[in-house]
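These are my notebook entries on a single protein chain. I set down what I looked up, in the order in which I looked.

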Amino acid sequence: MIEVAARPYAFQLDPGHTALVVIDMQRDFIEPGGFGDSLGNDVSLLEAIIPTTAELISLFRRMGWPIVHTREAHKADLSDCPPGKRSRGAPGLKIGDEGAMGRILISGEPGNQIVADLAPLPGEIEMDKPGKGMFWATGLHERLKALGITHLVFAGVTTEVCVQTSMREANDRGYECLLIEDATESYFPEFKRAAIEMIVAQGGIVGWATPFAALEAALAPEKVHA
Ligand code: C5J
């Protein structure tokens, strides 16, 4: 086991059984002119985590450990989109409508692609998820089990919605979960702070949280090969 300084106490990372999950770093949530922007959100908050998330992805590539990239995405015929998800809030633009980067939250559309700086490489797991959580209707649990994964490191957006939901789902399935605090973000800074506090509360009721530097230090070559 490799010990990573974290809250609420040190995270025990199991090398060879750990995967990185990067949640929904898709253009429509992050880039100016996308869906998130059109809803009046300050997307610069989300853009700001791209460099740290890229470093985190590079670290996992160097370790040779699995990386999962998710996208919140629906089928073009919307058969996997509950009507309530589409209509709730009566937004100007709904899921499936034509936005500045193609149809909103529809698989394969330009706005549904992961931002260029974090683009998946061949061999990494890329998956569309119709829900907020990464296990609903995706088959991901079976894929991770087949790879022998027991520990998950989380990054991505938004902290209190798809990241937190996925982490809670993972926790319920028995994964040990570590959130990288500076590689996750929300349009609402107070929601990010609160989500992280909820995750680490009560002795890590959902999991652990730490800055990227702590994970990088723990995985320094001299420590991993000691
Ligand atoms: C994600 C959302 N990815 N906030 N979606 O968190 O609707």
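Which residues does Val-115 touch, not counting residues up to four places away in sequence? I note at the outset that the model is a predicted one.

**Entry 1: Val-115**

I found that Val-115 touches Met-25, Gln-26, Arg-27, Ile-30, Glu-31 and Ile-50. I placed Val-115 in the loop between strand 6 (102-103) and strand 7. Is Val-115 buried or exposed? Its relative accessibility is 3%, and buried means under 20%, so Val-115 counts as buried. I also looked up Cys-162, which is 47 residues from Val-115 along the chain; the two C-alpha atoms are separated by 17 Å.

**Entry 2: Gly-34**

I turned next to Gly-34, in the loop between helix 1 and helix 2. Gly-34 is buried, with a relative accessible area of 5%. Leaving out residues up to four places away in sequence, I recorded that Gly-34 touches Asp-28 and Met-101. Gly-131 stands 97 residues from Gly-34 in sequence, and the C-alpha to C-alpha distance is 20 Å.

**Entry 3: Aromatic pairs**

How many aromatic pairs does the structure hold? I recorded 5 aromatic pairs. In the pair of Phe-11 and Trp-208, the ring centres are 5.1 Å apart and the planes stand at 70 degrees; planes over 60 degrees apart count as edge-to-face, so this pair is edge-to-face. Phe-11 belongs to strand 2 (residues 11-13) and Trp-208 to strand 10 (residues 208-210), so that this pair links parts of the chain 197 residues apart. Both residues, Phe-11 and Trp-208, are buried.

I then examined Phe-135 and Tyr-175, an aromatic pair that is stacked, with 5.9 Å centre to centre and 15 degrees between the planes. This pair also links distant parts of the chain, 40 residues apart. Phe-135 sits in the loop between strand 7 (125-129) and helix 6 (140-146), and Tyr-175 in the loop between helix 7 (159-172) and strand 9 (176-185). Phe-135 is buried at a relative accessible area of 8%, and Tyr-175 counts as buried at 4% relative accessibility. I noted as well that ring pairs link Tyr-9, Phe-11 and Trp-208 into a cluster.

**Entry 4: Nonpolar cores**

Which residues have the most contacts inside the largest nonpolar core? I listed Leu-13, Leu-56, Val-153, Leu-178 and Leu-215, in a core of 42 residues. Among the elements that give two or more residues to this core are strand 3 (18-23), helix 4 (50-63), strand 8 (151-157) and helix 9 (212-218). Helix 4 gives the most, with 5 residues. I followed Val-153 further: leaving aside neighbours within four places in sequence, its contacts include Leu-13, Leu-56, Phe-60, Leu-178, Ile-180 and Leu-215. I found a second, separate core of 25 residues, which includes Ile-125, Met-134, Leu-140 and Val-163.

**Entry 5: Largest pocket**

I recorded about 740 Å³ of space in the largest pocket. The pocket is lined by 30 residues, of which Phe-29, Phe-35, Leu-39, Glu-72 and Lys-132 are the closest to its centre. Helix 2 (35-38), helix 5 (83-87) and helix 7 are the elements that give two or more residues to the lining. By class, I noted 15 nonpolar, 6 polar and 9 charged residues in the lining.

**Entry 6: Helix 7 and backbone geometry**

I listed the buried residues of helix 7, among them Cys-162, Val-163, Met-167 and Ala-170. Gly-174, just after helix 7, takes a positive phi of about 95 degrees.

Where are the cis peptide bonds that I looked up? One joins Arg-7 and Pro-8, with omega about 5 degrees; Pro-8 is in the loop between strand 1 and strand 2. Another joins Val-157 and Thr-158, with omega about -20 degrees; Thr-158 is in the loop between strand 8 and helix 7.

I closed with two residues other than glycine that have a positive phi. Asp-24 has a phi of about 55 degrees, lies in the loop between strand 3 and helix 1, and is buried, with a relative accessible area of 0%. Gln-202 has a phi near 55 degrees and lies in helix 8 (residues 189-204). Gln-202 is exposed, with a relative accessible area of 70%.

How values were computed:
Residues are numbered from 1 along each chain as its sequence is written. This is a predicted model: local features need pLDDT of at least 70, side-chain atom pairs count only at pLDDT 80 or more; totals for chains, interfaces and linings use all residues. Side-chain values use heavy atoms; hydrogens and water are left out. Rings of Phe, Tyr and Trp (its six-membered ring) pair if their centres lie within 6.5 Å; planes under 30 degrees apart count as stacked, over 60 as edge-to-face and the rest as tilted. Helices (H or I, at least four residues) and strands (E, at least two) are DSSP runs, numbered from the N terminus. Buried means under 20% relative accessible area, exposed over 50%, partly exposed in between (1.4 Å probe, protein chains only). A nonpolar core is a set of buried Ala, Val, Leu, Ile, Met, Phe, Trp, Tyr and Cys residues joined through side-chain atoms within 4.5 Å. Contact means heavy atoms within 4.5 Å. On a 1 Å grid over the protein atoms alone, a cavity is a set of points where a 1.4 Å probe fits but cannot get out, and a pocket is an open set with protein on both sides within 12 Å along at least five of seven lines; lining residues have an atom within 4 Å of a point. Grid points are joined across faces, edges and corners, and a volume is the space filled by probe spheres set on the points. Ala, Val, Leu, Ile, Met, Phe, Trp, Tyr, Cys and Pro count as nonpolar, Asp, Glu, Lys and Arg as charged, and the others, Gly among them, as polar.
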